[in-house]
Amino acid sequence: MNTSTTTVTVVGGGVIGLSAAWRAAAQGWRVTVVDPDPVRGGASWLAGGMLAPVTEAWPGEEAVLSLGEASLRRWPSFARELAAEGTDPGLAEHGTIVVGFDSADAGHLDILAGYLRSLGRDVETLTGRAAKRLAPGLGAVRSGLRVPGDLAVDNRKLLTALSEAATKRGVEFRRERLKSLSEVSGPVILAAGAWTGQLHPLLEHAVRPLKGEILRLRPRRGCLPPPPYTVRAMVEGRPIYLVPREDGELVLGATQYEAGFDQAVTARGVRELLENAERILPGITEYELVEVAAGLRAASRDALPYIGEVSEGVYAATGHHRNGLLMAPATADAVVAWLAGEAPSPEVAAATPARLVEKERV
């Protein structure tokens, strides 16, 4: 296939679409991104920015962990190459601690720690007091875990950097929503997040939106600063995360529920986030609330994304759920491999959309 005359169409201008477009253009492909509101219009703009496959792990999701770790290993070089294009994406190495609020939450952490150790992963068990020494300002947490190697990225710096790098490489942007694949020709990358299912019959009932609210807060004068680590917490069985930003802001999130394509912020979602966050970080009640928003994650049927060919010349790169930012480098590398007629990395194999056809046969 001639890279100079063939146009690759990337449907979706979030982190997956922009990463794929940038990588493909850097390899000499002509690329067009189709999205009505690239960069700011999707779930990526509202993400927490955690790159934490190990602390996200759970029994039964070994393939998700494997793909996440493979992509995490790519992140430092991905960030360096992106920064070399002109804009630093804000990769942070401050790490993650996981804490449990009550005894049941501590039991959840024990299961996670045992599972990770059974897979040979390093994990340090913390008492509540030890967790508070690592992250001053924590409240009365029961226990914690510290898993080395997790990263975080400023999602908005990242998206800006990707957009600028893609533009610099000659990527064109069509600010519209693609309604049918008949509107384009040549290779197509379906990376439209929660809307991807509307573009291909194989994905129609396989990708669904999961709604989640996210808050941004900033400490006021006299307040304790945010913790120096990303803090993931279980509060009476409900997960939350608090991600510090370099500029002093704190990103709070983790509501998740079925609501179709409704993106209205609900009072219930905001209340739950703030109440649970106050139990973990009591001083947050005095922070300034600077932004409230809701986004739609693209969920698959089994927690694995769909990465691979769905019909001739049409490739899925969707269904990443909470792991879009984490898995962007591995997904973009898979796209470049497809376009070159090569096989992607072994970790991507489990994410093939062919599993949808196989389940239907069964």
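Let's start with a sheet: eight strands come together in the order S6-S7-S5-S12-S13-S14-S11-S15, forming an open sheet with mixed pairing. At its edges sit strand S6 (124-127) and S15, each of which pairs on one side only. As you step from one strand to the next, the twist averages 20°. Keep in mind, as you look around, that this is a predicted model.

Now pick out one pair of neighbours in that sheet. Strand S5 (residues 96-100) and strand S7 (residues 143-147) run antiparallel, and five bridges join them. To see one of these links for yourself, find Val98: its bridge partner in S7 is Leu145.

Next, travel to the edge strand S15, which spans residues 288-299 and contains Val292. Is Val292 buried, partly exposed or exposed? Its relative accessibility is 34%, and a residue counts as buried under 20% and as exposed over 50%, so Val292 is partly exposed. Val292 also belongs to a nonpolar surface patch, which it makes together with Val265 and Leu289. The patch has an area of about 200 Å².

For a contrast, turn to strand S17 (residues 314-318). How many of its five residues are buried? The answer is five, and the strand is described as mostly covered. You can check this face by face: Val314, Ala316 and Thr318 lie on one side, Tyr315 and Ala317 lie on the other, and all are buried.

Which strands pair with S17? One of them is strand S10 (residues 188-190), which runs parallel to S17 and is joined to it by three bridges. Here Val188 has Val314 of S17 as its bridge partner. Another is strand S16 (residues 306-311), which pairs with S17 in the antiparallel sense over five bridges. In this case, Ile307 is matched with Ala317 of S17. S16 and S17 form a hairpin with two residues between the strands, and in this hairpin Gly313 takes a positive phi near 75°.

Finally, step back to a longer stretch of the chain. An unreviewed UniProt entry annotates residues 8-338 as "domain: FAD dependent oxidoreductase". Over residues 8-338, the chain is 31% helix and 26% strand. If you locate the two ends of this stretch, you will find their C-alpha atoms 11 Å apart.

Definitions and conventions
Residues are numbered from 1 along each chain as its sequence is written. This is a predicted model: local features need pLDDT of at least 70, side-chain atom pairs count only at pLDDT 80 or more; totals for chains, interfaces and linings use all residues. Side-chain values use heavy atoms; hydrogens and water are left out. Patches are made of residues with over 30% relative accessible area and no salt bridge: like charges are joined within 9 Å, nonpolar side chains (Val, Leu, Ile, Met, Phe, Trp, Tyr) within 5 Å. Accessible areas come from the Shrake-Rupley method with a 1.4 Å probe; for residues, only the protein chains shown count as cover. A salt bridge is a side-chain nitrogen of Lys or Arg within 4 Å of a carboxyl oxygen of Asp or Glu. Helices (H or I, at least four residues) and strands (E, at least two) are DSSP runs, numbered from the N terminus. Buried means under 20% relative accessible area, exposed over 50%, partly exposed in between (1.4 Å probe, protein chains only). UniProt positions are given in the numbering used here, feature names are shortened, and annotations may be inferred rather than shown by experiment. Two strands pair if DSSP finds at least two bridges between them. Axes are lines fitted to C-alpha atoms, for helices over the stretch in contact, and angles run from 0 to 180 degrees between N-to-C directions.
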